[in-house]
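This report describes the ligand shell, the nonpolar core and the strand pairing of one protein chain. The sequence and the structure are shown first.

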Amino acid sequence: MITLAPGKMDGKEFVSHAPGYWPDIAPELWNDWKWQLKNRVTSLAQLEQHLVLSNEERSGVLLSGDKLALAVTPHFFNLIPRDNPGDPIRRQVIPRIEETWESPYDMADPCGEDSHMPVPGLVHRYPDRVLFLVTDRCASYCRYCTRSRVVSGVGEQELHTDFEEAFRYLEQHTEVRDVLLSGGDALIFSDDKLEKILSRLRAIPHIEFLRIGTRVPIFLPQRITPELCAMLAKYHPLWMSVHVNHPRELTIEVKQALERLANAGIPLGNQSVLLAGVNDDVETMKTLVHKLLMCRVRPYYLYQCDLITGSSHLRASVAKGMEIIEGLRGHTTGYGVPQFVIDAPGGGGKVPINPGYVLYHDNEKIVIRNYEGKIFEYPETGGDQTVQFAPQREYHDEYLYS
Ligand code: SF4
């Protein structure tokens, strides 16, 4: 049985939970990423060997199997306590019956990716950048995955990326300067397979910037080998967006994996999804962003959870997201404050959502408030006075709270 050290459940410390539920495993196997993948927890029987499941979880495992597969690496599974179905790590990866429910707002493809796919597997929605879906597989599966229609290979759609056609499209589209590899998770590939993709992209002269969106350093830190890092470093500028939602995910092993990536010169950003019962409070997010900075990762986005079918039980309110940003901005290091965004349903792209710091703006002045609620004015004296201002709320005395 896993034992989490008392006082460590809030996740402020970097701790290792290995070998946890696998007490007899040899360290060389534990540290082998292929062993971790082969020994993922994928069935109800395996879950029940280690956890006391609630009825909601057991039914969820039985009934969600044709929507999104169950798979959790041993490394990540060790973060899950045996008895608490409300645990923030557990809620992210163990299915629940609510996944089979549909709310009126649910969508199969909330970001409208399929309608912006000129070539199978290549999403071209923004003018100068593309999303390249190179695989439908991940190290573990997140129950709120925005691409659950294709990810894991059991859902209603299949991903059939046409690599040659995608490379041809990119060669012809000279306006594309930025390619984001995602899926699925590109770091699930062997070094050789991943290098073939990266070298092919680097051979296209107008592609300036490569990015990989990945949760592998968190689910499978063993994959971040020195060899992988050395290979990635050949393709700079290459940036990476990782995905951490709760401070307990930042274990010693994950911290070391992130340091290896940073030492290879890869700038790291984090994308968290705002999830009910996981990270929807200021203190949890503050602990998370502090730990990310210690791992040399810049908190980049806090996403409002997409309206993906079956995720309504994990969605927190937009107001909660704004409250979190309000609780971080000015109260902690600016580098630690992510941009809160909503990916506009249907394919509108990311829209920044900020607490109301601008109280009034016309061509003479802007009235702003700071993190303490104090009000300030700044004159519009310089620059182009012909700028058209977006409609603002009327400026009333009630904004002048003390
Ligand atoms: S790692 Fe990313 S793509 Fe994979 S299941 Fe999680 S959210 Fe979806």
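## The nine-stranded sheet

Strand E4 (residues 209–213) and strand E5 (residues 238–242) run parallel and are joined by four bridges. One of the residues paired here is Gly 213, whose bridge partner in E5 is Ser 241. The model that shows this arrangement is a predicted one.

Both strands belong to an open sheet of nine strands, ordered E1-E2-E3-E4-E5-E6-E7-E8-E9, and the pairing within this sheet is mixed. Its edges are formed by strand E1 (122–126) and strand E9 (349–352), each of which pairs on one side only. On average, and with direction ignored, neighbouring strands of this sheet are turned by 30 degrees against each other.

## The three-stranded sheet

A further open sheet consists of three strands in the order E10-E11-E12, with antiparallel pairing. E10 and E12 occupy the edges; each has a single partner strand, so one side of each is left without a neighbour in the sheet. The average turn between neighbouring strands of this sheet, direction ignored, is 15 degrees.

Strand E10 (residues 358–361) is joined to strand E11 (residues 365–369) by three bridges, and the two run antiparallel. A hairpin of three residues connects E10 to E11. Across this pair, Tyr 360 stands opposite Val 367 in E11, while His 361 has Ile 366 in E11 as its bridge partner.

On the other side of the pairing, five bridges join E11 to strand E12 (residues 375–379), again in an antiparallel arrangement. Ile 366 also takes part here, standing opposite Tyr 378 in E12. The hairpin of E11 and E12 has five residues between the strands, and in this hairpin Gly 373 adopts a positive phi near 90 degrees.

## The ligand shell

Which residues surround the ligand? The shell comprises Cys 138, Tyr 141, Cys 142, Cys 145, Arg 147, Val 151, Gly 183, Gly 184, Asp 185, Arg 215 and His 243. By residue class, the shell divides into five nonpolar, three polar and three charged residues.

## The nonpolar core

The largest nonpolar core contains 83 residues. Those with the most contacts inside this core are Phe 132, Tyr 141, Tyr 144, Val 179 and Leu 275. Tyr 141 is thus listed in the core and is also among the residues around the ligand.

Tyr 144 illustrates the contacts of one such residue. When residues up to four places away in sequence are not counted, Tyr 144 touches Val 273, Leu 275, Cys 305, Ile 308, Ser 311 and Leu 314. Leu 275, one of these partners, is itself named among the core residues with the most contacts.

## Ile 197 in helix H8

Is Ile 197 buried or exposed? Ile 197 has 20 C-beta neighbours inside 10 Å and therefore counts as buried, since burial requires 20 or more other C-beta atoms within 10 Å. This residue lies in helix H8 (residues 191–202).

Leaving aside residues up to four places away in sequence, Ile 197 touches Val 134 and Leu 181. The C-alpha atoms of Ile 197 and Phe 167 are 9.2 Å apart in space, and the two residues are 30 residues apart in sequence.

Technical notes: Residues numbered from 1 in each chain as written. Predicted model: local features only at pLDDT ≥ 70, side-chain atom pairs only at ≥ 80, totals over all residues. Near = placed C-beta within 6 Å. Nonpolar A, V, L, I, M, F, W, Y, C, P; charged D, E, K, R; others polar. Core = buried A, V, L, I, M, F, W, Y, C linked by C-beta atoms within 7 Å. Buried ≥ 20, exposed ≤ 12 C-beta atoms within 10 Å, placed from the backbone. Contact = placed C-beta atoms within 7 Å. Pairing = 2+ DSSP bridges. Axes fitted to C-alpha atoms, helices over the stretch in contact; angles between N-to-C directions.
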